[in-house]
Amino acid sequence: MPVLGGTIIIGLAWTPLMLMLALHIIGLVLSIKSNMKKVGHILGIVTSCVGFIPFVGMVLHILTAIFLLIEAAKNEVEISPLKHAS
């Protein structure tokens, strides 16, 4: 899998890394405005910046995915209870 991913990234002239950098920056801004956890997006920004280094990029991508999945699972949306008129 890392060989396929590396081939795709190099074949597309690192465009996917730049796209993901932009998406992580947008995600970071939105998470700051929503007062949500930011670690996954910050790690994603770092990963996108150094993702061209073969093994470092692979390890950081795995860590970023794990952090983003954990943060997504832990984020709870506060829903105010509906008040029924009696």
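Helices here are DSSP runs (H or I) of at least four residues, numbered from the N terminus. With that in hand, welcome to a short tour of this predicted model.

**Figure 1. The whole chain, four helices and zero strands.** Read from the N terminus, the elements follow the order α-α-α-α. Of the 86 residues in the chain, 22% are buried. The chain exposes about 6,700 Å², and carbon and sulfur atoms supply 77% of that area. Take the contacts between residues at least 6 apart in sequence: 47% of these join residues at least 24 apart.

**Figure 2. Helix 1, a hardly covered element.** Helix 1 spans residues 2-11, and just one of its 10 residues is buried. After helix 1 comes A13, a residue with a positive phi. The next view picks up there.

**Figure 3. A13 and W14 in the loop between helix 1 and helix 2.** Most residues other than glycine have a negative phi. A13 is not a glycine, yet its phi is positive, at about 55 degrees. W14, also a residue other than glycine, has a positive phi as well, near 60 degrees. How accessible are these loop residues, starting with A13? A13 has a relative accessible area of 53%, and is therefore exposed, the cut-off being over 50%. W14 has a relative accessibility of 36%, so W14 counts as partly exposed.

**Figure 4. The pairing of helix 2 with helix 3.** Two packed helices are described by the angle between their axes and the distance between the axes. Helix 2 covers residues 15-33 and helix 3 covers residues 39-50. Their axes come within 9 Å and cross at roughly 160 degrees. Angles over 145 degrees count as roughly antiparallel, so helix 2 and helix 3 are roughly antiparallel to each other. The crossing of the two helices is left-handed.

**Figure 5. Residues at the contact of helix 2 with helix 3.** Which residues of helix 2 should you look for here? Helix 2 brings L17, M20, L21, H24, I25, G27, L28 and S31 to the contact. Across from them, helix 3 offers G40, H41, I42, G44, I45, S48 and C49. The residues of this contact divide into eight nonpolar, seven polar and no charged. A handy reminder when following such a list: an α-helix has 3.6 residues a turn, so residues three or four places apart point the same way. In helix 2, L17, L21, I25 and L28 are among the contact residues, and in helix 3 these include H41, I45 and S48.

Terms used. Residues are numbered from 1 along each chain as its sequence is written. This is a predicted model: local features need pLDDT of at least 70, side-chain atom pairs count only at pLDDT 80 or more; totals for chains, interfaces and linings use all residues. Side-chain values use heavy atoms; hydrogens and water are left out. Buried means under 20% relative accessible area, exposed over 50%, partly exposed in between (1.4 Å probe, protein chains only). Axes are lines fitted to C-alpha atoms, for helices over the stretch in contact, and angles run from 0 to 180 degrees between N-to-C directions. Angles under 35 degrees count as roughly parallel, over 145 as roughly antiparallel, 65 to 115 as roughly perpendicular and the rest as oblique. A crossing is left-handed if the near helix is turned anticlockwise from the far one by less than a right angle, and right-handed if clockwise. Contact means heavy atoms within 4.5 Å. Ala, Val, Leu, Ile, Met, Phe, Trp, Tyr, Cys and Pro count as nonpolar, Asp, Glu, Lys and Arg as charged, and the others, Gly among them, as polar. Accessible areas come from the Shrake-Rupley method with a 1.4 Å probe; for residues, only the protein chains shown count as cover.
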